[in-house]
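Me: Pick the part of this model that has a domain annotation and take me through it slowly. Then show me how the rest of the chain is held together, please.

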Amino acid sequence: MFWSLFLIPFVLCLSVRLVSAQSQAPAYGQCGGQGWSGATDCVSGYTCTVTNQWYSQCLPGSATTPVTITPTTSLPPITVVPPTSTVGGPAPTGSQIRGVTSPVYHLYLQNNGGVPRLGPVAGAGRFTINGTIALNEPGGGRLYLNADDTGTNYKALSFGTTATTNNWGLEGDAIIIRTPRQLNYWVCSTSDRNYYDVFLQGQGNQGPSGRSCNSVTMHLPCLCPH
């Protein structure tokens, strides 16, 4: 009887320890993961660390904040819409017009909001010359180069939807006014050194007041001297 009373507490203590040991995963053992039904606590000195959605392992170290891994879901397909042109119709046809002497050597006539200017070839206009000078626009539209008749030393040039100057022509490859004959133009520098404003030269030898200008001629590029 004496030994029985002595053994009962010992057996109970041993049972508790065995249950506790069985409820803890061993060092480097699995301690979690989707579908895992075993121990989720690690033995002393080890922490249950998430490796991925399916597996957690007892690794050395103290407990850290649990990490939740959300299963990856597929993303909806992305539809790429190709860019569309903002200007309809075919590209304009016609001849380019350019300067052939300094400071506008190989700068091309183009439209700057209704104001003619000479600038890089990327912005060059395409023109039809037949009494009028028509700037051919994408889609088939046209603007016309007109000269203001009120100037004396120079005449302002502009692009408009109606042709008011009808005596433009060619002399060789040079762009001229036929009556009264004039083939010289004032080109005046702007705040951008790549662009020059253009004026038709008048009877005098003075360009626009306060501007730095040079007298030049303008030509069709295909016939320009090399």
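Reply: The UniProt record, an unreviewed entry, marks residues 23-59 as "domain: CBM1" (such annotations may be inferred rather than shown by experiment). What you're looking at is a predicted model, where local features need pLDDT of at least 70 and side-chain atom pairs 80 or more, while totals for chains, interfaces and linings use all residues. Residues are numbered from 1 along each chain, and side-chain values use heavy atoms, without hydrogens or water.

So what is residues 23-59 made of? The span is 51% strand and 0% helix (DSSP runs, at least two residues for a strand and at least four for a helix, numbered from the N terminus). Its end C-alpha atoms are 17 Å apart.

Now follow the strands there. Strand 4 (residues 46-52) and strand 5 run antiparallel, with six bridges joining them (strands pair if DSSP finds at least two bridges). Between strand 4 and strand 5 there's a hairpin of two residues. Look for Tyr46, whose bridge partner in strand 5 is Pro60. Strand 5 (residues 55-60) also pairs with strand 2 (residues 30-32), again in the antiparallel sense, over two bridges. In that pairing, Gln30 sits opposite Gln57 of strand 5.

Zoom out for a second. The protein has 226 residues, and 33% of them are buried (under 20% relative accessible area, with exposed over 50% and partly exposed in between, using a 1.4 Å probe and protein chains only). Its secondary structure comes to 18 strands and one helix. Of the contacts with a separation of 6 or more, 46% are between residues 24 or more positions apart (contact means heavy atoms within 4.5 Å).

Two buried residues are worth finding. Asn146 belongs to strand 11 (residues 142-147) and has a relative accessibility of 7%. Its side chain reaches the backbone nitrogen of Thr165 at 3.1 Å, and a polar atom of that side chain lies 2.9 Å from the backbone oxygen of Thr162. Beyond four places in sequence, Asn146 also touches others, including Ala156, Leu157 and Gly160.

The second is Gln201 in strand 16 (residues 196-201), buried at 9% relative accessible area. Its side chain makes a polar contact with the side chain of Ser215, at 2.7 Å (N or O atoms within 3.5 Å, one able to donate a hydrogen and the other to accept it; residues adjacent in sequence count only if both atoms are side-chain atoms). Among its other contacts beyond four places in sequence are Asn153, Tyr154 and Trp186.

How many salt bridges are there? The count comes to two (a side-chain nitrogen of Lys or Arg within 4 Å of a carboxyl oxygen of Asp or Glu). In one, Glu171 and Arg181 bring their closest N and O atoms to 2.6 Å. That pair links distant parts of the chain, 10 residues apart: Glu171 is in strand 13 (residues 168-171), and Arg181 is in the loop between strand 14 and strand 15. Glu171 is partly exposed, at 37%.

In the other, the side chains of Asp197 and Arg211 meet at 2.9 Å, N to O. Asp197 lies in strand 16 and Arg211 in the loop between strand 16 and strand 17 (213-216), so the pair ties together parts 14 residues apart in sequence. Asp197 is buried, at 17%, whereas Arg211 is partly exposed, at 33%.

Last stop: Thr179, in the loop between strand 14 (174-177) and strand 15 (185-189). This one is exposed, with a relative accessible area of 60%.
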